[in-house]
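Work through the exercises below with the sequence and the 3D structure open beside you. Try each task on your own before you read its solution.

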Amino acid sequence: MIQIENVSKSYAKSKVKAVSAMNLQVENGEIFGFIGPNGAGKTTTIKMMTGILTPDEGRILINGHDIVRDPISAKMEIGFVPDSQDVFDKLTGMEYLGFMADVYGVEPADRRERIGRYLEMFELTKAAGDNIKSYSHGMRQKLMVIGALLHNPPVWVLDEPMVGLDPKSSHLLKQEMRRHADSGNSVFFSTHVLEVAEKLCDRIGIIDHGELIFVGTLAELRSGNQESLEELFLQLTEGE
Ligand SMILES: Nc1ncnc2c1ncn2[C@@H]1O[C@H](COP(=O)(O)OP(=O)(O)OP(=O)(O)O)[C@@H](O)[C@H]1O
């Protein structure tokens with residue numbers, strides 16, 4: 001479960017709040033899609049959830065652990081895939097996964113089983129011995145996903161996870177997200193791709209100019225009219 005309580009954040013030189021008084025709870029068992037235009041505050045929110053940025057106000061709990069006051073316990077609960085791919089270019093894929101398993105203290109038998117299974121699933125087994133610098137964008141993205149899931153974290157936080165993935169890999173990842181949520185865990189991901197949110201999410205949140213302007217199910221978003229999510233999304237975020 002993710003609890004965001006009255007969280008705000010401004011960047012040093014900006015008077016404008018990148019995230020403003022946000023309250024949001026992502027339950028166990030649900031996939032939550034976080035949607036918003038460029039600069040809306042999605043990445044800032046995710047960076048606060050994962051302990052990269054500290055909120056100016058409010059607090060964030062990950063399965064009950066405060067990400068600021070108890071960061072190691074909170075981070076052990078999280079599998080985080082960032083939107084950038086700043087991985088260690090000089091390592092091989094397998095060395096990177098070994099490093100991630102070390103950081104999170106994954107037992108040898110578990111790491112062998114999970115690394116083997118995920119490499120097969122994402123068709124990276126043959127490339128695992130090659131340097132990451134030789135990987136395509138999609139291969140890097142898949143490697144980051146595997147690295148984030150190795151410690152079997154209950155809470156997944158994925159920033160634009162489908163970007164760069166081919167349809168097959170994207171389908172696999174969505175299947176895994178569903179499976180993970182159906183096992184009683186929380187999956188939070190950001191996207192610009194409305195169709196992805198439409199098919200995958202139990203609930204969505206729409207953020208614009210740092211403010212959550214809608215949280216609920218798609219049925220709730222649509223209630224009262226038959227317009228597509230895209231039209232609704234544009235309606236909700238335009239016109240100032
Ligand atoms: N390091 C920074 N310094 C100053 N302002 C920043 C910084 N990072 C982000 N911002 C500003 O904070 C606001 C929210 O940005 P954020 O990156 O969280 O949005 P986003 O929804 O993730 O956008 P995108 O979809 O383009 O990645 C924007 O106005 C952005 O310009």
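The exercises go from the whole chain to the sheet, then to a helix and the ligand, and end with a single residue; keep in mind throughout that this is a predicted model.

**Exercise 1. The whole chain**

Task: Describe the overall dimensions of the protein chain, and explain why its radius of gyration agrees with that of a compact globule.

Solution: Begin with the secondary structure, where the protein chain has nine helices and ten strands. Next, take the extent of the C-alpha trace, which spans about 50 × 40 × 35 Å along its principal axes. For a chain of 240 residues, a compact globule would have a radius of gyration near 18 Å, and because the protein chain has 18 Å, the two agree. Then turn to the interior, and note that 40% of the 240 residues are buried. Finally, consider the contacts between residues at least 6 apart in sequence: 69% of them join residues at least 24 apart.

**Exercise 2. The open sheet**

Task: Work out the strand order of the open sheet of six strands, and then follow the pairing of E9 with E10.

Solution: Reading across the sheet, the order is E6-E7-E8-E3-E9-E10, and the pairing is mixed. The two edges are strand E6 (78–81) and strand E10 (211–216), each of which pairs on one side only. Neighbouring strands in this sheet are turned against each other by 15° on average, with direction ignored.

Now look at individual pairs. Strand E3 (residues 31–35) and strand E9 (residues 203–208) run parallel and are joined by four bridges, and Ile-35 stands opposite Ile-206 in E9. On the E10 side, E9 pairs in the antiparallel sense, over five bridges, with Ile-206 standing opposite Phe-214 in E10. E9 and E10 form a hairpin with two residues between them, and His-209 in the turn has a positive phi of about 45°.

**Exercise 3. Helix H1 and the ligand**

Task: Find out which strands H1 lies across, and state which residues surround the ligand.

Solution: First place the helix: H1 lies across E3, strand E7 (155–159), strand E8 (186–191) and E9, and it runs at about 150° to E7. Second, check how covered H1 is, and you will find that seven of its eight residues are buried, namely Lys-42, Thr-43, Thr-44, Thr-45, Ile-46, Met-48 and Met-49. Just after H1, Gly-51 takes a positive phi of about 85°.

Third, list the surroundings of the ligand, which are Tyr-11, Ser-14, Ala-18, Gly-36, Asn-38, Gly-39, Ala-40, Gly-41, Lys-42, Thr-43 and Thr-44. Sorted by class, this shell has three nonpolar, seven polar and one charged residues. Helix H1 (residues 42–49) gives the most to the shell, with three residues.

**Exercise 4. One residue in the sheet**

Task: Decide whether Leu-158 is buried or exposed, and name its contacts beyond its neighbours within four places in sequence.

Solution: Start by locating Leu-158, which is found in strand E7. A residue is buried if 20 or more other C-beta atoms lie within 10 Å of its own. Leu-158 has 23 C-beta neighbours inside 10 Å, and therefore it counts as buried. Once neighbours within four places in sequence are left aside, Leu-158 is in contact with Val-81 and Phe-189. As a last step, compare sequence with space: Leu-158 and Asp-83 are 75 residues apart in sequence, while their C-alpha atoms are 7.9 Å apart.

Definitions and conventions:
Residues numbered from 1 in each chain as written. Predicted model: local features only at pLDDT ≥ 70, side-chain atom pairs only at ≥ 80, totals over all residues. Near = placed C-beta within 6 Å. Nonpolar A, V, L, I, M, F, W, Y, C, P; charged D, E, K, R; others polar. Rg over C-alpha atoms; globule rule 2.2 N^0.38 Å. Buried ≥ 20, exposed ≤ 12 C-beta atoms within 10 Å, placed from the backbone. Contact = placed C-beta atoms within 7 Å. Pairing = 2+ DSSP bridges. Axes fitted to C-alpha atoms, helices over the stretch in contact; angles between N-to-C directions.
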